[in-house]
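I opened this entry to keep a record of what I looked up, element by element. The sequence and the structure go in here before my notes.

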Amino acid sequence: MRVRQSILAFLCLCWLAAVSAAQSEKAAGDILNQAIQAIGGLEKLQNLKTLHLESVNTRQEIGQSYLPSLNEDFARLPRETFITETWVDFAQGKRYWLRKLDGTKYTNITAPTWGVNLSGDRPTPLSAAVVDLYQHRNRHQTFPGPLLTALEKRNELRRLPDQRWQDQPHAVIAFNDLSREVRLYVNQVTGLLAKVESDVIALVRGKVALEYRYSKWKEFDGLKLPLRTECLNTQNATSNWLIEDQLIVVNQPEGSWFTEHEKEMKDGLARVARDREAATAAPMLPKTDKLGEGIFLLRGNINSLAVAMGEYAFVVEAPTSETRSKQVIALVKELMPNKQLMAVGVTHWHYDTIAGLRAYVAEGARVAASASYKDLFEKYAAATNNDDALSKSKNKLQFLSIDDERSFTLGPRTIIAIAIPNQHAAGMLGLYLKEEKLFFVGEALPAGGAFTRAVLDALTKHKLEVKTLVSARTGVVALDQLQAVTTR
């Protein structure tokens, strides 16, 4: 019996090897034809014009979880689950996307040159970046978009080395589209497209592979389509978005989503045009509010605070990107000439908050943050997949560890960093300017009562009297607003 099993296993391996060898001789176009044939053939694929999907979505984001880690286990991450309704016109690049969650609705409609968010009190034109994101999803994620795009690029297809993935051989073909290389992994046994891969620049992690994985295939009108799509940023997994249990309708006519919104279309076109123009212009420095002598709020999507301390400058918060941090550093040098950038304080570890931190390390600034972040920040600063100033400078992280409370005094000014125990992010800090009685926090205030109470409790515990409260998200906040939120 064991001999027979061994023979069968050997024959199976030989068959797989033969299949792999035969596949490796095929040109890129042949591999594409194989993937198209596996789902029903070219005629069936070209007859598909639109798809309408209703799906269960499960999303997890490491960069916004509670505990700081670059290696978070998805099983331990909080899950956000919601229902989506999606309609895609592959030929025209149109997309309607409705998210349903807890009785609320969040709707986007996009075309190649404009988009609008229809949720909330009024329509909001979408930025060029968001419009581009949906074009990528139409062409590279929503199946069979990748195959349709590969057909457009047939003359540019390239055959890459075969890969073993999930213990099976895959042929890999590639093409360039929308400013990125797109790689299609075709299972050499089933012939089906198993995943689509491209490289993107992710917050904190730098260059990572973005994967769309397809499974649970089912036939609709003679065309095989996947009921499950997994969207994954690899290299320790930045995020995981699972779209499954889909109800699919092939070639459903377009709804009234586009024709009913001509005014929004004009506003959306204008927004995208402004964004495109701004992208080619010289970067503008952040706007500045002077809060006191040698104290400046540097405004943006996430604000930073710059403080003069004797012969030195101390910046709080390094958000968004290296570009943003370089702008802030240049502005601090302009606002505080002849002062050396001594340190940057970090209120909490979330990716959007620390995305520009490497630029400060490249400048030689120390990083003042929760002691619990030391391991995370050392790995972040030592990473080699970021093509940025730190990679060129080879500077090492200089870490200023903060537990419950720590004071920094230079010249006539003292900054006190204190812990803010909360449910949003472990290791959260607030920074207090002792002489001015100014307190800076990294999250929005006033927000929900829980975080607001956490801030007030921390101030009470450390016996800090506050005259000016500043938020990285909302700017200067009146103290009576906080009291009002906590008493609701």
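My notes below concern a predicted model, and they go from a sheet to the cores and then to two helices.

**Sheet**

I began with the strand order and found an open sheet of seven strands, arranged 14-15-16-17-18-19-20 with mixed pairing. Its edges are strand 14 (287-292) and strand 20 (399-402), and because each has a single partner strand, one side of each is left without a neighbour in the sheet. On average, and with direction ignored, I note a turn of 20 degrees between neighbouring strands of this sheet.

I then looked at one pair more carefully: strand 16 (residues 304-309) and strand 17 (residues 312-316) are antiparallel to each other and are joined over five bridges. Within strand 17, Phe 314 is the residue that stands opposite Val 307.

Which strands does helix 7 lie across? I listed strand 14, strand 15 (295-299), strand 16, strand 17 and strand 18 (340-345) for this helix, which spans residues 322-335 and runs at about 150 degrees to strand 15.

**Cores**

The largest nonpolar core has 56 residues, and I recorded Leu 357, Tyr 360, Val 367, Phe 377 and Phe 439 as the ones that touch the most other members. Helix 12 (residues 449-461) gives this core its largest share, six residues. A second core, separate from that one, holds 46 residues, among them Leu 148, Leu 157, Leu 192 and Tyr 212.

I followed Leu 357 further and, leaving aside neighbours within four places in sequence, found Leu 357 in contact with Ala 318, Ser 325, Val 344, Val 346, Val 367, Phe 377 and Tyr 380.

**Helix 5**

Is helix 5 enclosed by the rest of the structure or open to the outside? Seven of the eight residues of helix 5 (residues 145-152) are buried, so I noted this helix as largely enclosed. The buried residues are Gly 145, Pro 146, Leu 147, Leu 148, Thr 149, Ala 150 and Leu 151.

**Asn 138**

My last look-up was Asn 138, which is placed in helix 4 (residues 128-141). Its relative accessibility is 3%, and since buried means under 20%, Asn 138 counts as buried. What does the side chain of Asn 138 reach at 3.4 Å? I found the backbone oxygen of Gly 93 at that distance. Apart from neighbours within four places in sequence, Asn 138 is in contact with Val 88, Phe 90, Gly 93, Lys 94, Arg 95 and Gly 145; of these, Gly 145 is also one of the buried residues of helix 5.

Notes
Residues numbered from 1 in each chain as written. Predicted model: local features only at pLDDT ≥ 70, side-chain atom pairs only at ≥ 80, totals over all residues. Heavy atoms only, no water. Buried < 20%, exposed > 50% of the residue type's maximum accessible area, 1.4 Å probe, protein only. Helix = DSSP H or I, 4+ residues; strand = E, 2+ residues; numbered from the N terminus. Pairing = 2+ DSSP bridges. Axes fitted to C-alpha atoms, helices over the stretch in contact; angles between N-to-C directions. Contact = heavy atoms within 4.5 Å. Core = buried A, V, L, I, M, F, W, Y, C linked by side-chain atoms within 4.5 Å. Polar contact = N/O pair within 3.5 Å; in protein donor to acceptor, adjacent residues only side chain to side chain.
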